[in-house]
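Hi,

Here's the structure I promised to pass on. Have a look at it first, then read my notes underneath.

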Amino acid sequence: MIVTLTGESSLALRQRMNELVNKFVAKHGELAVEKIDAEEAEAASIIESAQALPFLSAHKMVVVRNGSANSQFAERIEQTISSIPSSTDLILYEPQLDRRTVYFKLLKKQTQFEEFNNLDKAGLAKWLVAEAKSRDAKLGLADANYMVERLGENQELLYNELAKLAIYDTNISKANIDLLTEPTPQSKVFDLLDAAFSGKKTRALELYEDQRAQKVEPQIILSMIGWQLRLLTLIKSAGGLPPEKIAKDNSINSYPVKKAAGLAGKLSDGKLREMVSEALEIDIKSKTTPLDLDEALKTYIATL
């Protein structure tokens with residue numbers, strides 16, 4: 001068995017790899033599993049491990065992480081795959097694969113290719129309901145949607161918060177969600193900007209007031225707007241590179257970059273420069289003059 005695991009959802013990737021490894025270990029033991037980081041190992045040693053016959057058991061499993069980062073290994077992947085003995089299971093763990101490469105196309109064609117991408121809001125809510133059920137807990141779809149709205153779309157965060165809620169009370173309610181979790185402002189600020197850029201001024205201002213009601217200070221909102229503007233600038237200056245590549249080149253998570261890419265398509269370069277300049281001016285004035293930052297930000301949002 002030769003399996004490629006890839007995609008943006010780090011949680012789903014990790015769960016699937018653990019599932020495969022644990023199932024193999026239950027049958028053949030831990031000593032039959034070899035894990036290799038391709039960014040640190042020599043290509044020849046990786047290939048030798050994958051092609052060598054098992055020594056202490058009838059079968060073995062080799063897990064290669066980030067093989068795409070090792071150019072020599074990636075160049076020899078076709079020959080490597082074709083020479084894997086039937087007694088060896090090979091897992092290629094590739095969180096970020098460049099779809100334009102020969103390496104990607106070979107893995108897609110010649111391996112059991114499993115891709116795990118981030119879920120949208122509706123998908124996350126359904127996943128939360130199913131995950132709660134697997135923990136012998138009960139979570140209604142309406143409350144699951146509320147969790148996503150409150151905590152954002154980071155599946156790892158939602159997974160951890162759900163575990164905490166299920167331990168506290170297997171009947172997960174909105175009241176307990178409010179009691180045990182803290183709202184995540186970053187997600188709401190993105191929604192705020194998205195609404196503003198889409199011409200939904202009233203909705204954008206409602207989201208701003210919602211942040212303030214949750215005690216999020218205007219300085220924090222301004223800093224998060226600055227972070228979003230940085231993402232938009234990176235995308236605009238990347239010359240059409242895919243979000244995954246932009247994220248990798250700048251050492252940031254691909255998920256917010258992918259979300260911001262849709263937003264960037266709504267903006268001209270001139271408008272983005274104007275937005276950055278105005279945000280900078282607000283920041284400077286807030287630190288050097290008695291500026292009402294609340295009103296300044298609401299005006300800024302209303303004119304986007």
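Searching the whole structure, which is a predicted model, turned up one aromatic pair. It's made by F104 and F113, whose ring centres are 5.6 Å apart. Their planes meet at 90°, so this pair is edge-to-face; the cut-off for that label is over 60 degrees. In case the wording is new to you, a pair of aromatic rings gets described by the distance of the centres and the angle of the planes.

Are these two rings buried or exposed? F104 has a relative accessible area of 8%, so it's buried. F113 is buried as well, at 19%, since the label needs a value under 20%.

Two other rings have a charge over them. R135 lies over the face of Y159, 5.0 Å from the ring centre. Over at Y146, the charged end of K174 sits above the ring, at 4.5 Å from its centre.

Now go to N70, in the loop that runs between β3 (60–65) and α3 (71–75). This residue counts as buried too, with 9% relative accessibility. What does the side chain of N70 reach? One partner is the backbone oxygen of A41, at 3.0 Å. A polar atom of that N70 side chain also lies 3.1 Å from the backbone nitrogen of F73. Leaving out residues up to four places away in sequence, N70 touches A38, A41, E42, A43 and I46. So A41 shows up twice for N70: in that list of contacts and as the residue whose backbone oxygen the side chain reaches.

Have fun looking around!

Cheers

Note on methods
Residues are numbered from 1 along each chain as its sequence is written. This is a predicted model: local features need pLDDT of at least 70, side-chain atom pairs count only at pLDDT 80 or more; totals for chains, interfaces and linings use all residues. Side-chain values use heavy atoms; hydrogens and water are left out. Rings of Phe, Tyr and Trp (its six-membered ring) pair if their centres lie within 6.5 Å; planes under 30 degrees apart count as stacked, over 60 as edge-to-face and the rest as tilted. Buried means under 20% relative accessible area, exposed over 50%, partly exposed in between (1.4 Å probe, protein chains only). A charge sits over a ring if NZ of Lys or CZ of Arg is within 6 Å of the ring centre and within 35 degrees of the ring normal. Helices (H or I, at least four residues) and strands (E, at least two) are DSSP runs, numbered from the N terminus. A polar contact is a pair of N or O atoms within 3.5 Å; within protein, one must be able to donate a hydrogen and the other to accept it, and residues adjacent in sequence count only if both atoms are side-chain atoms. Contact means heavy atoms within 4.5 Å.
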